[in-house]
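Colleague: Before I use the labels on this model, I would like to hear what each one rests on. Please take them one at a time.

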Amino acid sequence: MMPVLGLKLDDRDIAILAILQTEGRITKAALAQRVNLSPTPCWERLKRLEQAGIIESYEARLSLKAFGALSIILVEVELDSHRAEDFDRFELAVQSYPEILECWAVGGGLDYILKIVTKDVDHYQRLIDHMLEANIGLRRYFTYVVTKPVKSTAALPLDKLF
């Protein structure tokens with residue numbers, strides 16, 4: 001048994017999670033069959049995993065190619081100052097930009113890494129200009145335009161982690 005968020009997960013719980021990561025639309029009956037449980041106990045496990053916050057949401061993963069030529073841009077960010085309120089101000093501001101898909105606070109020589117999707121590089125530059133003018137503490141940034149996505153997954157390698 002593996003403890004996660006206060007729950008002890010057994011092999012069936014991990015199997016449920018592994019299946020849902022790649023097949024979020026699977027029916028409850030099919031899920032129960034795949035993990036060798038009857039539907040009611042499977043449903044109870046699923047609800048327990050949701051209530052514990054292990055399963056955060058069920059989402060559709062959209063193909064960026066379907067929307068034409070979009071730009072994926074990774075940005076390293078350094079803030080002006082490193083007080084708690086400066087980090088809070090920046091993190092709050094990031095929430096208001098829908099183009100910023102992901103933001104990670106990181107250790108080392110910089111403060112954050114952003115993943116941004118825009119219709120083109122010009123739109124990205126206007127976004128950065130707006131962030132610079134917004135007084136959110138952005139001191140320096142380094143831009144990396146993604147030329148080719150090689151691997152992208154949100155699925156955790158559960159079989160390697162447990």
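Modeller: Start with Leu64, which sits in the loop between helix H3 (39-51) and strand S3 (71-79); helices (H or I, at least four residues) and strands (E, at least two) are DSSP runs, numbered from the N terminus. The model is predicted, so local features need pLDDT of at least 70 and side-chain atom pairs count only at pLDDT 80 or more, while totals for chains, interfaces and linings use all residues. Residues are numbered from 1 along each chain as its sequence is written, and side-chain values use heavy atoms, with hydrogens and water left out.

Colleague: Why is Leu64 called partly exposed?

Modeller: The relative accessible area of Leu64 is 34%. Buried means under 20%, exposed means over 50%, and partly exposed is in between, with a 1.4 Å probe and protein chains only. Leu64 therefore falls in the middle class.

Colleague: What makes Leu62, Leu64, Phe67 and Leu70 a nonpolar surface patch?

Modeller: A patch takes residues with over 30% relative accessible area and no salt bridge; nonpolar side chains (Val, Leu, Ile, Met, Phe, Trp, Tyr) are joined within 5 Å, like charges within 9 Å. Leu64, at 34%, is over the area limit. The patch made by these four residues covers about 380 Å², with areas from the Shrake-Rupley method and a 1.4 Å probe, only the protein chains shown counting as cover for residues.

Colleague: What makes a salt bridge of Asp13 and Arg48?

Modeller: The term requires a side-chain nitrogen of Lys or Arg within 4 Å of a carboxyl oxygen of Asp or Glu. Asp13 and Arg48 have an N to O distance of 2.9 Å, which meets that limit. Asp13 lies in helix H1 and Arg48 in helix H3, so the pair ties together parts that are 35 residues apart in sequence.

Colleague: Are the two partners, Asp13 and Arg48, buried or partly exposed?

Modeller: Asp13 has a relative accessible area of 0% and is therefore buried. Arg48 has 28%, so the label there is partly exposed.

Colleague: How do you know that Arg140 and Glu78 form a salt bridge?

Modeller: Their closest N and O atoms are 2.8 Å apart, which satisfies the cut-off. Arg140 belongs to strand S6 (residues 138-145) and Glu78 to strand S3, and the pair links parts of the chain 62 residues apart. Arg140 is partly exposed because its relative accessibility is 42%, whereas Glu78, with 10%, is buried.

Colleague: What separates Arg126 and Asp122 along helix H5?

Modeller: They are 4 residues apart in helix H5 (residues 121-133), so about one helical turn lies between them. Their closest N and O atoms are 2.4 Å apart, and the pair counts as a salt bridge. Arg126, at 43%, is partly exposed, and Asp122, at 46%, is partly exposed too. Elsewhere, salt bridges that share partners join Asp10, Asp13, Arg45 and Arg48 into one network. The whole structure holds 12 salt bridges.

Colleague: Why is Ile72 called buried?

Modeller: Ile72 has a relative accessible area of 13%, which is under the limit for buried, so the label follows. Ile72 is in strand S3. The C-alpha atoms of Ile72 and Val146 are 5.4 Å apart in space, with their positions 74 residues apart in sequence.

Colleague: What makes the phi of Asn36 worth noting?

Modeller: Most residues other than glycine have a negative phi. Asn36 is not a glycine, yet its phi is positive, about 60 degrees. Asn36 lies in the loop between helix H2 (28-34) and H3, and its relative accessibility of 60% makes it exposed. Asn135 also has a positive phi, near 55 degrees; it is in the loop between H5 and S6 and, at 59%, is exposed.

Colleague: How is the lining of the largest pocket divided?

Modeller: The lining has 25 nonpolar, 11 polar and 11 charged residues. Ala, Val, Leu, Ile, Met, Phe, Trp, Tyr, Cys and Pro count as nonpolar, Asp, Glu, Lys and Arg as charged, and the others, Gly among them, as polar. H1 gives the most to this lining, with 4 residues. A pocket here is an open set of points on a 1 Å grid over the protein atoms alone, where a 1.4 Å probe fits, with protein on both sides within 12 Å along at least five of seven lines; lining residues have an atom within 4 Å of a point.
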